[in-house]
Amino acid sequence: MSIRLAVITGGNSGIGLAIARRLLSLNSDELQFRVVLACRNQAKGAVARHQLLSAYPDALVDLVELDTSSVASVERAAAAVLLSYNGGIDLLFCNAGAMAIEALDIGGIVNGLLSHPIAFFESSEALRQQRGLVTADGMGETFQTNVFGHYLLINRLTLAMREGGRVVWTGSAASQLQFTHEDYQHIKGDKAYESSKYIVDQIAIPLDQRLKERGVRCLVAEPGNVCTNFLAGLDVPLFQYLVLGVFYFIRFVLGIARFTINADTAAVGCCFAALAEGADSRVKYHSHATRTGKPFVAQYPLSHNKDTSAFLVGKLDELVEQISSE
Ligand SMILES: NC(=O)c1ccc[n+]([C@@H]2O[C@H](COP(=O)([O-])OP(=O)(O)OC[C@H]3O[C@@H](n4cnc5c(N)ncnc54)[C@H](OP(=O)(O)O)[C@@H]3O)[C@@H](O)[C@H]2O)c1
């Protein structure tokens with residue numbers, strides 16, 4: 001039997017947990033997935049592991065502590081993975097992500113609903129994000145959590161990736177808004193989440209070119225609009241249920257397929273990017289669903305600017321070099 005090892009960041013919740021479920025559901029006599037849930041909160045990780053083992057009692061499910069917003073934690077996690085799985089890694093899902101939500105943006109909601117109601121629900125305009133958040137490592141918090149922590153992890157694990165392996169980022173449609181080269185970590189602005197996901201789209205192709213030399217591919221998937229714990233930081237009673245109701249209405253009545261709504265449907269793009277025979281880093285693998293919720297994957301060109309992507313890869317490499325030389 002062949003065993004394929006999949007490391008999933010943020011594997012304890014939402015889309016990450018759904019990716020783990022999907023992989024384990026594919027286990028057969030010939031092929032078995034071993035999943036490593038890389039989580040910042042070990043108690044939550046243990047609950048997720050228990051859930052997976054309840055559904056798949058014979059599965060191999062491990063936990064690794066990883067906080068992508070901390071260089072030291074990424075280094076420890078990478079070392080632990082290298083030590084435990086020297087047979088190699090087949091799949092690395094760069095999925096953990098967060099938005100530093102401050103509150104609902106009432107002005108943004110009114111403006112969005114009046115001027116572009118459907119696009120508004122596809123975006124994160126309803127949410128006001130905190131400005132100026134910097135980690136103990138001195139980086140923009142959302143940038144380090146969503147992008148750099150993973151970039152460093154990929155760097156540290158590249159040599160352990162098996163030929164034919166894949167790195168899959170969980171991207172987002174939210175992008176480019178207010179991204180600037182000067183403040184690429186988006187510390188000063190209030191669209192740090194969008195900027196971080198924009199960076200993911202920009203760096204995927206050059207990373208793919210780099211990893212291809214080792215027979216590994218790097219791809220981006222887009223889960224659509226999903227109701228997970230993502231809005232948990234927003235302390236508005238019943239808001240999540242309101243969002244859920246609106247999402248179902250939009251998908252069923254208007255047939256807009258990007259409203260995937262549940263995590264298992266949202267994870268199909270990530271799993272397709274990881275497992276499909278062909279791989280094309282110039283496209284983004286979008287999770288979609290029919291009006292009645294049947295999942296499918298659609299591929300659209302990955303929007304990518306060569307100069308910006310070279311600039312960003314240069315910056316990210318500089319940060320890695322700086323850390324490696326300390
Ligand atoms: N929900 C959506 O509509 C949507 C749309 C597009 C893209 N996405 C992306 O999908 C990915 C998964 O999000 P989700 O919707 O599944 O939300 P979720 O249920 O909140 O899952 C996010 C996961 O990331 C983990 N995480 C957050 N910060 C971390 C850090 N510093 N270090 C390690 N892990 C960290 C969380 O850990 P804790 O459980 O400890 O918080 C959790 O496991 C994210 O990258 C998100 O940007 C989501």
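This passage describes a helix pair, the surroundings of a ligand and an annotated segment in a predicted model.

Two packed helices are described by the angle between their axes and the distance between the axes. For helix α1, which spans residues 14-25, and helix α2, which spans residues 42-55, the axes come within 11 Å and cross at roughly 25°. Because angles under 35 degrees count as roughly parallel, α1 is described as roughly parallel to α2. The crossing of these two helices, α1 and α2, is right-handed. On the side of α1 the contact is made by L17, A20, R21 and L24, while α2 contributes A48, L52 and A55. Sorted by class, the residues in the contact of α1 with α2 comprise 6 nonpolar and 1 charged, with no polar residue among them.

Helix α1 also takes part in the surroundings of the ligand, where it supplies 3 residues, the largest share of the shell. Around the ligand there are 28 residues, of which G10, G14, A96, G97 and T228 come nearest. When the residues of this shell are divided by class, 17 are polar, 8 are nonpolar and 3 are charged.

A further segment is marked in the sequence record, since an unreviewed UniProt entry places the feature "transmembrane region" at residues 238-257. In the predicted model, the chain over residues 238-257 is 80% helix and 0% strand, and the C-alpha atoms at the ends of this stretch are 24 Å apart.

Note on methods
Residues numbered from 1 in each chain as written. Predicted model: local features only at pLDDT ≥ 70, side-chain atom pairs only at ≥ 80, totals over all residues. Axes fitted to C-alpha atoms, helices over the stretch in contact; angles between N-to-C directions. Helix = DSSP H or I, 4+ residues; strand = E, 2+ residues; numbered from the N terminus. Parallel < 35°, antiparallel > 145°, perpendicular 65-115°, else oblique. Left-handed = near helix turned anticlockwise from the far one by under 90°. Contact = placed C-beta atoms within 7 Å. Nonpolar A, V, L, I, M, F, W, Y, C, P; charged D, E, K, R; others polar. Near = placed C-beta within 6 Å. UniProt positions renumbered as here; feature names shortened; annotations may be inferred.
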